[in-house]
Amino acid sequence: MTTLQFPADFHWGAATSSFQIEGAAELRGDSIWDVFCRQPGAIADGSDGTVAVDHFHRFRDDVALLAGLGLDTYRFSVSWPRVMNPDGSVNEAGLDFYDELVDALCEAGIRPWLTLYHWDLPAWLAGGWTNRATAEAFVDYALVVHARLSDRVRIWTTLNEPWCASFLSYAGGQHAPGHRVAAEAYAAGHHLLLAHGWVTWALRAADPDATLGLSLNFTPGYPADPDNPADVDVVRRTDGTQHRFFTEPVFHGEYPADLIADAGADWPGGLVRDGDLAAIATPIDVLGVNYYTSQLIRAGAAAPGVGVHTTAPDAVVVDRPDLARTDMGWEITPDAFRDLLVRLHHEYTGPAGISMAITENGCAVDDPDPAAGPIDDVERIAYLAGHLRAVHEAIEAGAAIDTYLVWSIIDNFEWAFGYTKRFGLVAVDSELNRLPKASAGWYSDLSRLGTLCLPEQA
Ligand code: FCB
């Protein structure tokens, strides 16, 4: 047994998002995910977010759950169409919900970490993220939420995983709005970044002491044959659209030249106006890192659409049969997580003098039905332990990381997979009762002591 000690001031917590847990859809406007869920075949089990796990009505129980586990941070998102009405007015009742949630968290001694956008865009915003006006509307919405909650919420994430909200949604067709047009993905990506930059600027002006950032998802790619230039090149292009499209303008104020060249006619040059890149590069205080897996890639025959974790149309993901997989089919690669964190520290956050937070990490396990008795999710514990070891190694290598938030505290609506994939530390039965799994107790002990115990080969 090896034991690793995390710093005494390290933050331990969990993450969720509005559409995936809240339900109470009748009390808010439609988001693009409500519309997408109505498309036949879009969601694996034909489900939607109408009720989800009814967090809207059970939030006090859920906060008590978090507090009972001893977690000190809870990352949640605000549903834009719950807070704003189609005519641009504020839905005060919707805002009241978050007000009460934040109060409950503060009373329980839990640090609220608020994400302004986790994909549930109001359906009434014409053109969605392909329209620059959506970025303008995001500023209005963000300032409304900030005005109500900033006395208690001190950490603000503008966007969750803009790659998913652009490339996977507008080119990949797998997320709302389900389009398959490459040029739309680039336009959406630019407007998402602009929305992030404008809101960072506006919140900084209103609230200089707030901690501001965004959460990006990283899926490091490795060439199947490092001596084959075609494989190396397809990895470069995948890294370009998936990672550097976002990190380079945010940290260095420009889009990479190779990416612009690769995009060709799809590049939204006409949409990038004077001042946009300066706005996007408004300094942030923390980079949120979401990590689940890595992949081996080779150049091959053009695949239809966009793979879950790739963007280059000729990227073929190569199976690594020696690696264990989660229930998503994602290979379990904690060493790639450590290497990613060290790379991000050297290339971006270190030079900017800011920290990183792991804003999502976790795994889907095909857990048994909770009605059959307590769930002993040893695979989830092993996954989390291996990835926390990677975080510890990255810290030892010099990376400034002060927070780890597991995805997720509770089983929930896993987007296009509906309720078929379970990421929670806590199960939900058919009556929506909350039933902690073995991983919840394990994580609670870990967060209280900060001591990670690993079997020799974990
Ligand atoms: C991330 C999302 C999150 C959840 C996990 C499994 O990409 O941000 O909402 O679905 O994947």
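Modeller: A nonpolar core joins buried Ala, Val, Leu, Ile, Met, Phe, Trp, Tyr and Cys residues through side-chain atoms within 4.5 Å; buried means under 20% relative accessible area (1.4 Å probe, protein chains only), exposed over 50%, partly exposed in between. This model is predicted, so local features need pLDDT of at least 70 and side-chain atom pairs 80 or more, while totals use all residues. Numbering runs from 1 along each chain, and side-chain values use heavy atoms, without hydrogens or water.

Colleague: Thanks! Which residues touch the most other members of the largest nonpolar core?

Modeller: That core has 140 residues, and helix 8 (residues 182-206; a DSSP run of H or I, at least four residues, numbered from the N terminus) gives the largest share, 10 residues. A separate core of 5 residues includes V234, V235, I297 and A315. In the largest core, the members touching the most others are W33, Y117 and W129.

Colleague: Which residues does W33 contact, leaving aside neighbours within four places in sequence?

Modeller: Contact here means heavy atoms within 4.5 Å. By that rule, the partners of W33 are F19, I43, W119, Q174, H175, A176, F413, W415 and A416.

Colleague: How much of the ligand's exposed area does the protein bury?

Modeller: Around the ligand (a heavy atom within 4 Å) sit Q20, H118, W119, N160, E161, Y292, E360, W407, E414, W415 and F423. Polar side-chain atoms of N160 and W415 each lie 2.9 Å from a ligand oxygen, and one of E414 lies 2.7 Å from a ligand oxygen. Taken alone, the ligand exposes 300 Å² (Shrake-Rupley method, 1.4 Å probe), and the share buried by the protein is 95%.

Colleague: Is S408 buried or exposed?

Modeller: S408 belongs to the loop between strand 12 (401-407) and strand 13 (426-428), strands being E runs of at least two residues. Beyond four places in sequence, S408 contacts A15, T16, F423, G424 and L425. Because its relative accessibility is 0%, S408 counts as buried.

Colleague: Which side chain makes a polar contact with that of S408?

Modeller: Such a contact pairs N or O atoms within 3.5 Å; within protein, one must be able to donate a hydrogen and the other to accept it, and sequence-adjacent residues count only if both atoms are side-chain atoms. At 3.4 Å, the partner of S408 is N412.

Colleague: Which residue with a positive phi follows helix 13?

Modeller: Helix 13 has many buried residues, among them R380, I381, Y383, L384 and H387. After this helix, phi is positive, near 110 degrees, at G398.
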